[in-house]
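I wanted to look up the hollows and the nonpolar surface of this structure. My entries follow in the order in which I checked them.

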Amino acid sequence: MRDKLYILLFLILFSASGVAAETSLIASGRANGIGQTIVLSNPMASEQLISGVLSNNNITLQADFGYQRKYNLKELDEIYTAFSYHFKSYTIVAGMSQLGDPDLYTQKEIRIGLLYSKSIFTIGNFITSESHDFNNRYKSLNQLSYSFSFTIKQKYFILSSVLENLDRPSLTETSPQDEVKLTMYGELLRANKYKTTLMFSTQKGKQNKFGVGETVEISQTASLMFGFSTVPTQFGGGIELKWKKNAVIYNSLYHPVLGLTHSVSFLMRIIDH
């Protein structure tokens, strides 16, 4: 167990000090269970923050927050929170996450965005602040990045494209700039009880990443989720329990070498029409 921690921390330190950092966006309560995809037809606030998709039209204010333990290591615990507020043709989204142990290493991210919708189209603009803190062992590192999203909703599908790192940020003056990253999220609009979600991500110098997820509504109060993603190949599953407009979600993700990641999150839809 400790060997896994040392390997992971070495990779973090190496990436933060010598090469462009790997940007990990705000976590989502469903992502680990459905192959890192997004439920575009009924998104949580964190999913809006990641994909730029519009929320259900009758939701004015919603929030979600969660916790996950990566690979059964408390030193890699992550917490996050996100909210969205919709008015007229605009939606404000914001969220933050923290990964790590403050006594050892933490990565913090704050992301805010503004979405504008017109007919079947939605565009989004985002600013993300990323910071790495090594508890005074090394100098803290920080960067800001700009992202843009474009979403189209048709009768049979929803497709969202997100361009990250458009300003080519870097953590230090001497480290390489982050390459622009394109991530595409899709959902096939089938029967209400079944949701098929897809993800594709590409970035110069890195392998393309794919994900697919399936959500099955087994009752009015419960849905099952399962999926897988590549680079690395990981398998996940989970359950969502609903109560009125709120929900509790549990997911687990299996990595063939590092083991299990467990996550639990809570969704609150505070104001609707």
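Before naming strands, I note that strands here are DSSP runs of E with at least two residues, numbered from the N terminus. I also keep in mind that this is a predicted model.

Entry on the cavity. I looked for enclosed space, and a search of the whole structure finds 1 cavity of 30 Å³ or more, with a volume of about 70 Å³. I then asked which strands supply at least two residues each of the lining of this largest cavity. They are β1 (59-69), β2 (77-87) and β14, and the lining includes Tyr-67, Glu-78 and Ser-263. By class, I read 5 nonpolar, 6 polar and 1 charged residues in that lining.

Entry on the pocket. I turned to the second largest pocket, for which I noted a volume of about 580 Å³ and a lining of 29 residues, with Ser-41, Asn-42, Lys-195, Glu-217 and Lys-242 nearest its centre. Among the strands that each supply at least two lining residues are β8 (181-189), β9 (194-203) and β14 (259-272). The lining holds 10 nonpolar, 8 polar and 11 charged residues.

Entry on the surface. I found a nonpolar patch with about 900 Å² of accessible area together, whose members include Phe-65, Leu-241, Val-248 and Phe-266. Two or more of its residues come from each of β12, β13 and β14, and β14 gives the largest share, 4 residues. I checked Val-248, which lies in strand β13, and wrote it down as partly exposed because its relative accessibility is 36%, between the limits of 20% and 50%.

Definitions and conventions:
Residues numbered from 1 in each chain as written. Predicted model: local features only at pLDDT ≥ 70, side-chain atom pairs only at ≥ 80, totals over all residues. Heavy atoms only, no water. 1 Å grid on protein atoms, 1.4 Å probe; cavity = no way out; pocket = protein on both sides within 12 Å on 5 of 7 lines; lining within 4 Å. Points joined across faces, edges and corners; volume = space filled by probe spheres on them. Nonpolar A, V, L, I, M, F, W, Y, C, P; charged D, E, K, R; others polar. Patch = residues over 30% accessible without salt bridge, like charges linked within 9 Å, V, L, I, M, F, W, Y side chains within 5 Å. Areas by Shrake-Rupley, 256 points an atom, 1.4 Å probe, with all protein chains shown as cover. Salt bridge = Lys/Arg side-chain N within 4 Å of Asp/Glu carboxyl O. Buried < 20%, exposed > 50% of the residue type's maximum accessible area, 1.4 Å probe, protein only.
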